[in-house]
Amino acid sequence: TRPAAGEPAVDTSEYKGVWVYIEQFQGKVRSVGLELLGQGRIVADAMGQELAAVLIGDDVAPLAKDLFASGADKVYLIEGVEYKHYSTDAYTIAITDLIHTYKPAVILMGATNDGRDLGPRIACRVGTGLTADCTNLGIDEESGLVAWTRPAFGGNIMATILCPNHRPQMGTVRPNVFKRPEPDMSRSGELIRVASKVKAADIRTKLIEILSLADTASCNLEEAEFIVAGGRGMGKPENFALIEELAAILGGAVGASRAAVDAGWKPAIHQVGQTGKTVAPKVYIACGISGAIQHLAGMSTSDIIIAINKDADAPIFKSADFGIVGDVLEVLPILIEEIKKL
Ligand code: FAD
């Protein structure tokens, strides 16, 4: 039966605790999980509740100590060969069961490929809503509910969304919006092993083999320490070879402005900005990018920003730590040669 408008759909007082879904790939925790533990700690403290991490995989128990060190009071651990690789079916069933058993008040997930697949599916199964792709997260002082903020109407407004009547309050949050907390290895917590309830027949798609991870380095903008990004000022798609070469030498990823993506010079997965990815590398090198507010929205928290632009008045220089006024097609080859000598 549907509740009347404005009436709670569940007894909200039964739901307690803030959970963070910890994404791991090949036994390594993805950074976004730790970032969300840091912010989850703030939310949990404001609510006067516990912070728990949900860790799923095959033989991943050793990762729990890093989760305690990053702020978790509890780790719910689900292990088994069926969880070795991310599986929509297996992970959905596992987390849905966990929610039904332990009834968390809040669940945070990364707005990654896996989180975007998993979050809506779980929300639907447990009968709650989901605020997707958030760029901020806090507590609404008046209601004490989680305040989820996300771009709406193509990024033209920022909407703050509350979930008063359903539980858990769920959302996916973009990687790199929050800094990772400093780990405190003296912290410990409670490890709760949960038995797997997934049966082989529940899993409809299986990962047979990973053939190649070759191009993931250049696309892995969220985790990259170095990003070399190109904009319209690169002139034509062939000139992106310079960006790719510099990124490869630095062991970094390739970014692009929306103008470069719209022109078809790079696929959309490389786009940085309000409607692209939010990144926070140690060094961001912006080549032929003017520095529009929507681009800055995705990269301004980078530790060091280096801009190369032929227009000394380009707005990007206001955000840059180091600026080179010049033609990218002349500056980049020199930079590449000099860095190769190091
Ligand atoms: P331009 O603004 O055209 O700048 C090109 C720069 O290259 C200029 O500064 C020029 O001086 C310089 N240049 C030219 N030739 C050379 C040369 N040979 N050597 C050196 N410098 C040179 N943009 C994003 O990037 N990401 C987003 O996520 C995003 N989301 C948006 C969402 C909305 C709702 C809207 C309205 C816009 C969004 N945009 C986004 C678009 C944004 O407003 C800008 O249009 C875009 O960032 C411009 O890209 P650009 O800097 O490559 O191009």
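Which strands does helix 10 lie across, and at about what angle does helix 10 run to strand 16? Helix 10 (residues 328-341) lies across strand 15, strand 16 (304-309) and strand 17, and runs at about 130° to strand 16.

The model is predicted, so local features need pLDDT of at least 70 and side-chain atom pairs count only at pLDDT 80 or more, while totals for chains, interfaces and linings use all residues. Residues are numbered from 1 along each chain as its sequence is written, and side-chain values use heavy atoms, with hydrogens and water left out.

**View 1. An open sheet of 5 strands with parallel pairing.** The strand order is 14-13-15-16-17. Strand 14 (253-256) and strand 17 (322-325) are the edge strands, each pairing on one side only. From one strand to the next the twist averages 15°. Strands (E, at least two residues) and helices (H or I, at least four) are DSSP runs, numbered from the N terminus; two strands pair if DSSP finds at least two bridges between them.

**View 2. Strand 13 beside strand 14.** Strand 13 (residues 226-230) pairs with strand 14 in the parallel sense over 4 bridges. Ala229 stands opposite Gly255 in strand 14. Helix 6 (residues 240-250) lies across strand 13, strand 14 and strand 15 (283-287), at about 175° to strand 13. Contact means heavy atoms within 4.5 Å; axes are lines fitted to C-alpha atoms, for helices over the stretch in contact, and angles run from 0 to 180 degrees between N-to-C directions.

**View 3. Surroundings of the ligand.** Of the 26 residues around the ligand (a heavy atom within 4 Å of it), Arg232, Ser257, Thr275, Ser290 and Asn309 come nearest. Polar contacts with the ligand are pairs of N or O atoms within 3.5 Å. A polar backbone atom of Gln274 is 3.0 Å from a ligand oxygen atom. Ligand nitrogen atoms lie 3.1 Å from a backbone N or O atom of Lys310 and 2.9 Å from a polar backbone atom of Val328. The ligand taken alone exposes 980 Å², of which the protein buries 79% (Shrake-Rupley method, 1.4 Å probe).

**View 4. Two of the 16 salt bridges.** A salt bridge is a side-chain nitrogen of Lys or Arg within 4 Å of a carboxyl oxygen of Asp or Glu. Asp45 and Arg41 meet at 2.9 Å, N to O; about one helical turn separates them because they are 4 residues apart in helix 1 (residues 31-47). Arg187 and Asp73 meet at 3.2 Å, N to O. This pair links distant parts of the chain, 114 residues apart: Arg187 is in the loop between strand 11 (169-173) and strand 12 (190-193), and Asp73 in the loop between helix 2 (64-69) and strand 5 (74-79).

Terms used: A polar contact is a pair of N or O atoms within 3.5 Å; within protein, one must be able to donate a hydrogen and the other to accept it, and residues adjacent in sequence count only if both atoms are side-chain atoms.
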